Amino acid sequence: NMVCFDSDVTCCIVLNNNCLDVTSDPKLHNTAHSFDDTLLLLFQSDKRITTIFSKDAVLPDIDNILLHDNPLIFTALNYIDVPLGFFCFYFGINHEMYCRIPQFSTSVNNIIGNYRNIKYQQYMTQCMERMYQHDSLTGLYNRETFFTKVKEILEEDPDTRRYLICSDIKDFKLINDLFGVEVGDAVLRKQVQLMKSESTDDELLASRITGDKFALVIPEDRFD
């Protein structure tokens with residue numbers, strides 16, 4: 001388990017509901033320095049739990065916890081000045097455990113904070129790879145990546161016959177000149193929708209080569 005306590009000590013870890021959102025920059029997330037409207041109960045004693053509840057409740061089962069007449073000790077979880085959530089301890093008089101609370105809180109802060117940073121870095125790396133490999137307007141592979149992917153599938157499966165289909169939009173420049181670039185972009189995106197409608201994601205290997213020129217590689221049996 002992530003945290004170990006004596007058997008008579010109960011604690012829980014509560015996080016902001018979107019604290020583990022890998023698409024959120026940890027340095028920019030929650031600049032208001034407040035809790036989200038919904039919180040996530042991540043850990044309770046020796047059980048890993050994922051329960052979402054309203055922050056107004058403080059804890060999901062707080063009424064039952066208060067029946068034990070033990071004090072509730074809250075300590076904030078904060079990493080690089082961004083609130084992550086809080087630790088809640090509830091146990092009888094135990095001076096040794098009181099002294100260990102800062103140690104536990106620091107450990108959990110570092111674990112969750114480092115996890116967020118690593119996951120966000122991985123997400124940003126994937127985004128950068130996608131930007132490098134794809135056309136920003138259509139989402140198709142760019143020319144360089146398309147050539148690389150075609151080479152890979154031919155080397156991996158040389159026995160499957162495939163068609164290479166190339167197309168462009170007739171008088172596309174005229175569309176841009178008469179109706180504007182935004183309409184031209186919409187026409188390009190519509191072209192991509194039509195290409196995708198004829199193929200599954202696994203089958204589709206397509207690229208916007210340049211301007212209004214597209215290329216598509218598809219297995220021969222799709223034309224049977």
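Biologist: Which residue in β8 is the bridge partner of Ala-206?

Modeller: Happy to help! This is a predicted model in which local features need pLDDT of at least 70, side-chain atom pairs count only at pLDDT 80 or more, and totals for chains, interfaces and linings use all residues. Numbering starts from 1 along each chain as its sequence is written, and side-chain values use heavy atoms, without hydrogens and water. In β8, Ala-206 has as its bridge partner Leu-216.

Biologist: How many bridges join β7 and β8?

Modeller: Strands are DSSP runs of E with at least two residues, helices runs of H or I with at least four, numbered from the N terminus. β7 covers residues 205-210 and β8 residues 213-219. They pair (at least two DSSP bridges) in the antiparallel sense, and the bridges number five.

Biologist: Which residue in the hairpin turn has a positive phi?

Modeller: Two residues lie between β7 and β8 in this hairpin. The positive phi, about 50°, belongs to Gly-211.

Biologist: Which are the edge strands of the open sheet?

Modeller: The sheet has three strands with antiparallel pairing, in the order β6-β8-β7. An edge strand here pairs on one side only, as do β6 (162-167) and β7.
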